[in-house]
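The following exercises ask the reader to work through a protein model step by step. Each task is followed by its solution.

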Amino acid sequence: MQDLLRDLVVRVAGSAEGVRVERVPAAADGTTVAGYECRDGVLTLRGSDPVAAASAFGQYLKAYAGRQVTWDSPRLDPPPTSWPAAPSTRLSTPFPIRYHLNAVTYGYSTAFWDWDRWEREIDWMALHGVTHPLMQVGHEAVLAELYRRAGLDPARIEAWIGSAAHFPWTWMGNTNSFGGPLPATWIDRHVELARRILDRERALGMTPVLPMFGGHVPPELADASAGELEWQGWRTPILGPDSPLFERLAAEFLGIQRELFGTDHHYAVDPFVESVPPSGEPGYLASVGRAVHRTMAERDPEAVWVLAGWPFHYQREFWTPDRVHAFLSEVPTERLLLLDLWGEYAPMWRRDGMFGRRWVWCAIHNFGGRFALFGDLRGLTRDIDELRQLRPSGLVGIGLAPEAIENNTVFYELAADLAWGVPPVSEWLDSFARQRYATAHDDVVRAWRILADTLYGPGRTRSIPSPVIARPWSAGTPFAAQRLAGEFVPQDAEPAQRPANIDAEALRPSANIDAENDPMVLGALPRIAHAARLLLRRATEVTVRDPLERDVAELVGHVLAQGARVHIRGIVAAFADRDPTAILAHLARFRSDLLDLDELAGTRVESRVGHWIAAARAWGGSPAEADVMERDARSLVSVWGHQSSGLHDYSGRHWSGLVRDYYLPRWELWGAWLAEAARTGREPDVDVLRARIVAHEESWRNSLGGYSAEPAGNTRDVAARILDRLGH
């Protein structure tokens with residue numbers, strides 16, 4: 001443990017000179033214990049396991065060095081020149097399991113990561129106390145080999161697996177045969193990458209949660225028992241739980257996975273996720289749960305099924321308590337770990353008591369990786385403190401299960417710290433602001449107090465949709481039709497129960513938040529702009545500038561984007577007056593805002609679409625393979641899937657290139673369409689608009705090149721100019 005932790009300290013802080021590591025026993029009740037002290041320049045880190053000792057280092061840096069290791073600052077720059085003195089400090093947590101990641105994080109965030117980026121993430125996990133990370137890298141190899149042994153030819157396997165960016169949904173049985181094919185070396189390189197990731201996670205004492213077979217197969221492997229699942233227009237066969245083929249393939253899957261990656265006895269599988277099962281009969285549902293558990297246990301007597309409780313919320317009209325109990329009835333209590341996946345917004349434990357099972361409270365927070373600054377900091381603190389005090393029956397841990405990461409750092413830093421204690425939010429936030437920029441100046445504290453009362457204030461558990469990303473689809477404002485995620489699906493929207501003459505697209509779930517009806521969204525913009533000004537005022541003085549400049553870019557981007565709603569409203573009002581000149585005048589002002597937003601985003605490497613595309617292309621072994629990777633990368637952050645899937649802009653981002661070349665032209669098509677109708681006095685033909693929008697979206701998705709990954713311009717200068725222009 002000594003060498004392992006010292007190596008981590010070197011990566012993070014540049015040197016481990018003067019660092020000692022001690023293993024200490026866990027508490028008598030099994031509680032994880034950590035601690036630190038620094039005397040005479042010697043820093044001693046203590047932990048009952050390596051992750052605990054790494055957490056102690058992270059907590060020490062915050063408390064005594066005034067520094068943070070975050071997604072924004074993965075390495076301390078400048079590195080500390082000495083270790084500040086600290087008294088002997090003991091840390092403990094009542095949450096032995098600290099879970100991390102979501103199946104779809106492997107699409108929205110990590111799809112194109114290399115080892116260097118994964119190493120930084122594993123360091124982040126260790127410093128933030130993660131014990132059970134979901135680990136899906138390399139799973140394509142397991143599935144491909146399973147299908148090869150089952151008799152499918154390579155071309156069919158390649159087609160079924162499809163896009164690298166969309167593979168998490170194929171694993172879950174949502175999608176199939178979309179995008180791709182994978183580069184020729186993708187599978188071998190990802191097996192190697194997965195082994196490095198697993199070696200490091202295991203060395204740090206983590207318990208990686210690996211995938212499990214859920215019965216989803218190509219039609220060629222479906223037997224007479226197979227039902228069918230539908231998700232956003234894709235249809236996937238699912239083998240009957242009592243089918244000998246299910247048992248054989250599940251056993252084969254686990255064998256292949258163990259050969260390639262070993263096992264830590266924890267397996268994630270959700271046979272239905274967001275799809276309605278083929279049958280609601282309790283006997284059928286019980287047989288599915290029994291089959292999944294049985295195949296795990298026969299190959300691995302220590303197997304633990306890690307089951308996300310998402311379906312029980314998302315399809316809760318189907319998943320009545322009786323059906324959930326039937327589904328879980330034949331899985332031994334000690335062999336199931338149930339995730340209360342959206343605990344900060346729709347906690348199942350309050351409603352259903354987690355069905356008498358062991359469970360982990362999780363926060364999803366982010367859906368799709370879309371741009372949104374939000375998070376209820378006081379609510380998060382309240383929720384975890386309540387869990388700490390009440391110790392609800394079966395609770396064994398807390399976790400973070402965001403669909404995408406590297407956003408809203410404040411929310412994730414607070415969640416990780418809350419595992420070890422519950423400080424007053426106001427005090428924690430003041431410390432966070434000073435640590436984030438390594439400065440003691442009160443301006444940064446004042447800025448974050450404003451943000452804690454607005455973007456991160458009470459009730460902000462859902463993202464505020466960006467009007468920039470709204471898809472113009474008719475003559476009205478499109479805000480209320482923006483797709484979010486998470487709200488349960490009314491059962492009558494399911495295909496099996498949908499009348500044949502009902503438009504499928506019209507019934508697909510969409511956003512339940514319409515910022516038009518929330519006066520705080522626009523009302524808070526002057527205060528948020530003032531927070532950005534406070535940060536800009538200290539930008540040349542702070543020790544750590546990069547997180548400050550990122551925060552400024554995002555805050556000013558939020559002000560620009562939300563303020564742009566007035567232009568969209570103005571266009572709609574001008575059309576109601578049949579005034580083409582006014583329509584085009586509002587459109588011109590909207591265009592200026594979007595071009596400013598694009599320029600501002602372009603000053604940051606992480607908000608350039610060229611950065612995302614370059615990471616995807618780097619995995620191609622030839623120009624043709626790189627082109628395929630680019631197409632699939634573009635697809636995920638634009639149309640997402642098929643035009644008929646209803647997922648447009650689900651993963652929309654305020655990225656340079658995406659704003660200028662994808663969102664802005666859509667708005668220009670809309671404005672020109674309305675202006676022409678106003679000029680001629682005719683009712684606008686919505687079919688004409690939609691054909692133009694689709695043609696534009698497909699053109700951008702299938703284009704190649706044209707984007708640099710390198711930032712351009714000075715964030716501070718561009719942000720200040722925009723605030724000046726807006727009058728803030």
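**Exercise 1. A leucine and its surroundings**

In which helix is Leu674 found? Establish also whether Leu674 is buried or exposed, and which residues Leu674 touches beyond those up to four places away in sequence.

*Solution.* The model examined here is a predicted one.

Step 1. Leu674 belongs to helix 26, which covers residues 658-680.

Step 2. The relative accessibility of Leu674 is 0%. Buried means under 20%, so Leu674 counts as buried.

Step 3. With residues up to four places away in sequence left out, Leu674 touches Ala475, Ile571, Phe575 and Ile583.

Step 4. One of these partners, Ala475, is 199 residues from Leu674 in sequence, yet the two C-alpha atoms are 7.1 Å apart in space.

**Exercise 2. A buried aspartate**

Determine where Asp443 lies, and identify the residues that Asp443 touches when those up to four places away in sequence are not counted.

*Solution.*

Step 1. Asp443 is part of helix 17, residues 442-453.

Step 2. The relative accessible area of Asp443 is 0%, so this residue is buried.

Step 3. Leu534, Arg537 and Arg538 are the residues touched by Asp443 under the stated restriction.

Step 4. For Asp443 and Arg538, the separation along the chain is 95 residues, and the distance between their C-alpha atoms is 7.4 Å.

**Exercise 3. The covering of helix 5**

How many of the 11 residues of helix 5 are buried, and what covers them?

*Solution.*

Step 1. Helix 5 spans residues 139-149, and 9 of its 11 residues are buried, which leaves the helix mostly covered.

Step 2. The buried residues are His139, Glu140, Ala141, Val142, Leu143, Ala144, Glu145, Leu146 and Tyr147.

Step 3. The cover includes helix 6 (154-161), helix 7 (167-171), helix 8, strand 7 (210-211) and helix 9.

Step 4. Just after helix 5, Gly151 adopts a positive phi of about 105°.

**Exercise 4. Two packings of helix 8**

Describe how helix 8 packs against helix 5 and against helix 9.

*Solution.* Two packed helices are described by the angle between their axes and the distance between the axes.

Step 1. For helix 5 and helix 8, the angle is about 125° and the axes are 8 Å apart. These two helices are therefore oblique to each other.

Step 2. Helix 5 contributes Glu140, Ala141 and Ala144 to this contact, and helix 8 contributes Trp186, Ile187 and Val191. By class, the contact residues comprise 5 nonpolar, no polar and 1 charged.

Step 3. Helix 8 (residues 186-203) and helix 9 (residues 244-261) have axes that come within 10 Å and cross at roughly 75°. Angles of 65 to 115 degrees count as roughly perpendicular, and helix 8 is therefore roughly perpendicular to helix 9.

Step 4. On the helix 8 side, this second contact uses Val191, Ala194, Arg195, Leu198 and Arg202, while helix 9 supplies Glu259, Leu260 and Phe261. Here the residues divide into 5 nonpolar, no polar and 3 charged.

Step 5. Val191 appears in the contact with helix 5 and also in the contact with helix 9.

**Exercise 5. Backbone exceptions**

Locate two cis peptide bonds and two residues other than glycine that have a positive phi.

*Solution.* Most residues other than glycine have a negative phi, and most peptide bonds are trans.

Step 1. Asp77 and Pro78 are joined by a cis peptide bond with omega of about 5°. Pro78 sits in the loop between helix 2 (50-65) and strand 4 (86-93).

Step 2. The bond from Gly180 to Pro181 is cis, its omega being near 5°. Pro181 is placed in the loop between helix 7 and helix 8.

Step 3. Asp40 has a positive phi near 55° and lies in the loop between strand 2 (32-39) and strand 3 (42-47). With a relative accessible area of 81%, Asp40 is exposed.

Step 4. Phe355 has a positive phi of about 60° and occupies the loop between helix 13 (348-352) and strand 13 (359-363). The relative accessible area of Phe355 is 9%, so Phe355 is buried.

**Exercise 6. The chain as a whole**

How many helices and strands does the protein chain have, and what is its radius of gyration?

*Solution.*

Step 1. The protein chain has 28 helices and 14 strands.

Step 2. Its radius of gyration is 26 Å, close to the 27 Å that the globule rule gives for 728 residues, so the chain is as compact as a globular protein of that length.

Step 3. Of the 728 residues, 62% count as buried.

Definitions and conventions: Residues are numbered from 1 along each chain as its sequence is written. This is a predicted model: local features need pLDDT of at least 70, side-chain atom pairs count only at pLDDT 80 or more; totals for chains, interfaces and linings use all residues. Side-chain values use heavy atoms; hydrogens and water are left out. Axes are lines fitted to C-alpha atoms, for helices over the stretch in contact, and angles run from 0 to 180 degrees between N-to-C directions. Helices (H or I, at least four residues) and strands (E, at least two) are DSSP runs, numbered from the N terminus. Angles under 35 degrees count as roughly parallel, over 145 as roughly antiparallel, 65 to 115 as roughly perpendicular and the rest as oblique. Contact means heavy atoms within 4.5 Å. Ala, Val, Leu, Ile, Met, Phe, Trp, Tyr, Cys and Pro count as nonpolar, Asp, Glu, Lys and Arg as charged, and the others, Gly among them, as polar. The radius of gyration is taken over C-alpha atoms; the globule rule is 2.2 Å times the number of residues to the power 0.38. Buried means under 20% relative accessible area, exposed over 50%, partly exposed in between (1.4 Å probe, protein chains only).
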